[in-house]
Amino acid sequence: MVQRIDVTGTDGVRLAAWEFADPPKERAEADGAPGVLLLHGLMGRASHWAPTARWLAERHRAVGLDQRGHGRSDKPADGPYTRDAYVSDAEAAIEQLGLGPVTVVGHAMGALTGWQLAAKRPDLVRALVVCDMRASALGAASQREWSDWFDSWPLPFATLADVRKWFGEDDPWVERPNPSRGEFYAEVMAEREDGWRPVFSRRQMLRSRATWVFDAHWEELAQVRCPALVLRGLDGELGRAEAQEMVRVLPRGQYAEVADAGHLVHYDQPEGWRAAVEPFLEQFAEDDREPVSR
């Protein structure tokens with residue numbers, strides 16, 4: 001079962017939060033469970049976490065957030081799509097939903113939001129999972145590459161099958177057929193009068209991305225005091241050397257990697273993803289048995 005709960009982010013932006021429970025829990029039981037906030041990456045949406053949320057919901061109160069500009073959340077034309085806005089939105093969601101102290105599980109952009117939030121509000125974040133997000137600056141060339149890639153999309157797509165095929169096979173960024181990548185992008189498309197188009201604005205995605213690609217984020221990483229797992233797919237965007245340096249910089253960092261997985265680790269290898277994340281969460285099992293104070 002998935003329940004939508006609207007929360008109010010910074011500047012009054014309406015954000016769609018999704019609480020996952022499988023099997024459905026009584027409200028009192030869910031309120032007493034340790035909270036997990038799931039933050040998707042750029043272009044993603046909370047529903048991408050559904051398989052993860054299903055096993056998390058066995059012991060946790062699992063909530064996915066459609067971040068501003070994504071999914072069912074507001075997409076204000078003028079933003080802001082800044083780092084501060086994303087972090088403040090996550091902070092507001094945790095407080096309004098009564099999730100804290102929470103474990104934040106973030107993928108890519110969502111992982112950056114997670115560690116910036118943990119640095120800013122250590123009282124709200126008890127643990128952190130950083131999935132395939134670099135701390136180093138990517139630079140202007142990376143931003144130009146993304147702009148060119150967005151321009152290459154053959155929009156509109158006639159069918160969802162065309163979406164799956166292009167992103168899973170025909171996209172020049174795909175080195176070998178990747179059905180899970182096709183499914184990932186099919187989930188962020190909506191049918192319009194002329195065909196299937198993304199639920200987000202590519203222009204807004206570039207604006208959002210521009211707020212982190214030109215800067216390094218090591219200083220904020222070093223300020224994260226809670227236990228943090230840095231996880232990468234062996235074929236992802238975060239290299240092993242940088243990931244291990246991130247673990248070294250984190251005061252309480254741990255490392256994990258998933259074989260045969262790319263950037264979309266939780267989509268490419270869901271069982272490997274679970275096998276890497278679940279033991280990290282189990283470290284807090286004893287604390288989870290204690291009543292959660294409100």
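Helices and strands are taken here as DSSP runs, numbered from the N terminus, and in that numbering Pro80 has its place in the loop between strand 4 and helix 3. The model in view is a predicted one, and this loop is a convenient point at which to enter it. The peptide bond that joins Gly79 and Pro80 is cis, with omega at about 5 degrees.

Gln67 is found in that loop as well, between strand 4 (61-65) and helix 3 (83-97). Is Gln67 buried or exposed? Its relative accessibility is 3%, and because buried means under 20% relative accessible area, Gln67 counts as buried. A polar atom of the Gln67 side chain lies 2.8 Å from the backbone oxygen of His40. Leaving aside residues up to four places away in sequence, Gln67 touches Leu15, Leu39, His40, Ser73, Tyr86, Met109, Gly110 and Thr113, so that His40 appears both in this list and as the partner in the 2.8 Å pair.

On the other side of helix 3 in sequence, the loop between helix 3 and strand 5 (102-107) holds Pro101. The peptide bond leading from Gly100 to Pro101 is cis, with omega near -10 degrees.

Two aspartates deserve attention for their backbone angles. Asp132, in the loop between strand 6 (125-131) and helix 5 (140-152), has a phi near 50 degrees, which is a positive value in a residue other than glycine. Asp260, which lies in the loop between strand 10 (253-258) and helix 11 (265-268), likewise has a positive phi, of about 60 degrees, although it is not a glycine. Which of the terms buried and exposed applies to Asp132, and which to Asp260? Asp132 has a relative accessibility of 2% and therefore counts as buried, whereas Asp260, at 61%, counts as exposed.

The last topic is the nonpolar interior. In soluble globular proteins, nonpolar side chains tend to be buried together. The largest nonpolar core in this model has 66 residues, of which Leu37, Met43, Trp115, Trp149, Trp153 and Phe167 touch the most other members. Met43 can serve as an example: not counting residues up to four places away in sequence, Met43 touches His70, Trp146, Trp149, Phe150, Trp153, Tyr185, Val188, Phe200 and Met205. Apart from this largest core lies another, of 28 residues, among them Leu56, Cys131, Val265 and Phe284.

Notes: Residues are numbered from 1 along each chain as its sequence is written. This is a predicted model: local features need pLDDT of at least 70, side-chain atom pairs count only at pLDDT 80 or more; totals for chains, interfaces and linings use all residues. Side-chain values use heavy atoms; hydrogens and water are left out. Helices (H or I, at least four residues) and strands (E, at least two) are DSSP runs, numbered from the N terminus. Buried means under 20% relative accessible area, exposed over 50%, partly exposed in between (1.4 Å probe, protein chains only). A polar contact is a pair of N or O atoms within 3.5 Å; within protein, one must be able to donate a hydrogen and the other to accept it, and residues adjacent in sequence count only if both atoms are side-chain atoms. Contact means heavy atoms within 4.5 Å. A nonpolar core is a set of buried Ala, Val, Leu, Ile, Met, Phe, Trp, Tyr and Cys residues joined through side-chain atoms within 4.5 Å.
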